Amino acid sequence: MRTLKLRLSGKTSVLRLAVCALGFSVLTTTALVATIPSASALSEIKREELPPPLSAPAGSGDSSPATVPIPDPIHTSQPPSGGAEKPGDAQSPSQDGEDDEGQAENTGDAPLPEIIYDLQRLPEPVRRMHGLILEACKTGDINKLRPLVGTGDSGTQLSLTEVEGDPIEFLKGLSGDSEGQEILAIMEEVLSAGFVHTEAGTPQELYVWPYFFAVPLEKLDPRQRVELFKIVTAGDYEDMQQFGAYIFYRLGITPEGRWAFFVAGD
């Protein structure tokens, strides 16, 4: 399982290696000490392997893990689409024909999804949930998320594998600090980015932040890369380029205003 470095404060480890060589005969005793610093002061998080996409929608509601959009490196072959990233663009979300979530036959001339910044274009239930999550993040108290995380079949998916126990404690465990404030900061940055409207008119319809997961990384312009670096490090970006897609945290909300997921992984 690969690791992905978070952009905020974390834990630093230092390995010191001392090598001593003793000479014989007329040579004097020599001691060599080498110190190897850690690559960064950023915390690390395990990334989970995403299961393959389902060919048919889940029949028991959109709380299934299958609703999590799958980062698709195949999309890197798509040509750029003019003007889709402009804030407040009144153009309706494009129908990109991705009925099977990343099938190879859709990679030729499919346009990029529209990138939206205007929160007024969200349905009221989605806008309300987005605001509640963002407000909770800004308090610095991760327990403020508890009323927003669903339970049972409507539970918020927080991992690509099953989560046992308290979901808030699970989120705390993802954070580099003991209070979960690092993960709150990441969530806030994710929700402050532009978003995309996916699978419109289907049972899998979602509003997903940030938009990077749906756009080939090489199609990002300089301004968009600045937005990306608010969420990930340059090292993370290089790793994602090798994979071919954004694979850090993304957050989805259903049209009815249910917080569907907050996950990371490939």
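Which residues point one way from β6, and which the other way? I shall begin with that strand and work outwards. Please keep in mind throughout that this is a predicted model.

In β6, L206 and V208 point one way, Y207 and W209 point the other way, and all of them are buried. In a regular strand the side chains alternate between the two faces of the sheet. The neighbouring strand β7 is likewise covered on both faces: R250 and G252 are buried on one side, L251 and I253 on the other.

Let me place these strands in their sheet. The sheet is open and has four strands, in the order β5-β6-β7-β8, with antiparallel pairing. Its edge strands are β5, residues 196-198, and β8, each of which pairs on one side only. On average, neighbouring strands of the sheet are turned by 20 degrees against each other, with direction ignored.

I now take the pairings in turn. Between β5 and β6 there are three bridges in the antiparallel sense, and V196 stands opposite V208 of β6. Three bridges also join β6 to β7, again antiparallel; here W209 is opposite L251 of β7. The antiparallel pairing of β7 with β8 has four bridges. Within that last pair, L251 has F262 of β8 as its bridge partner, and R250 stands opposite V263. The hairpin formed by β7 and β8 has five residues between the strands, and in it G257 takes a positive phi near 90 degrees.

What lies across this sheet? Helix α1 lies across β6, β7 and β8, and runs at about 140 degrees to β7. A residue of particular interest is I133. Leaving aside neighbours within four places in sequence, I133 is in contact with L145, L148, M187, L191, L251, I253 and W259. Two of these partners, L251 and I253, were named a moment ago as buried residues on one side of β7.

That brings me to the nonpolar core. In soluble globular proteins, nonpolar side chains tend to be buried together. The largest nonpolar core in this model has 56 residues, and those with the most contacts inside it are I133, L145, W209, Y246, L251 and W259. Elements that each supply at least two residues of this core include the helices α1 (124-139), α2 (167-174), α3 (181-192) and α5 (234-243), together with the strands β6 (206-209), β7 (250-253) and β8 (259-263).

Helix α3 deserves a closer look. Its buried residues are E182, I183, L184, I186, M187, V190 and L191; M187 and L191 are also among the contacts of I133. Why does the length of α3 agree with expectation? At 1.5 Å a residue, its 12 residues should span 16 Å, and the end C-alpha atoms are 16 Å apart, so the two values agree.

Finally, the protein as a whole. It contains five helices and eight strands, and along the sequence they follow the pattern β-β-β-β-α-α-α-β-β-α-α-β-β. Of its 266 residues, 42% are buried. Among contacts between residues at least 6 apart in sequence, 66% join residues at least 24 apart. The accessible surface comes to about 13,700 Å², and 53% of it belongs to carbon and sulfur atoms.

To return to the opening question: W209, which points the same way from β6 as Y207, stands opposite L251 in β7, and both W209 and L251 are among the residues with the most contacts inside the largest nonpolar core.

Technical notes: Residues are numbered from 1 along each chain as its sequence is written. This is a predicted model: local features need pLDDT of at least 70, side-chain atom pairs count only at pLDDT 80 or more; totals for chains, interfaces and linings use all residues. Side-chain values use heavy atoms; hydrogens and water are left out. A nonpolar core is a set of buried Ala, Val, Leu, Ile, Met, Phe, Trp, Tyr and Cys residues joined through side-chain atoms within 4.5 Å. Buried means under 20% relative accessible area, exposed over 50%, partly exposed in between (1.4 Å probe, protein chains only). Contact means heavy atoms within 4.5 Å. Two strands pair if DSSP finds at least two bridges between them. Axes are lines fitted to C-alpha atoms, for helices over the stretch in contact, and angles run from 0 to 180 degrees between N-to-C directions. Accessible areas come from the Shrake-Rupley method with a 1.4 Å probe; for residues, only the protein chains shown count as cover. The expected span of a helix is 1.5 Å times one less than its number of residues.
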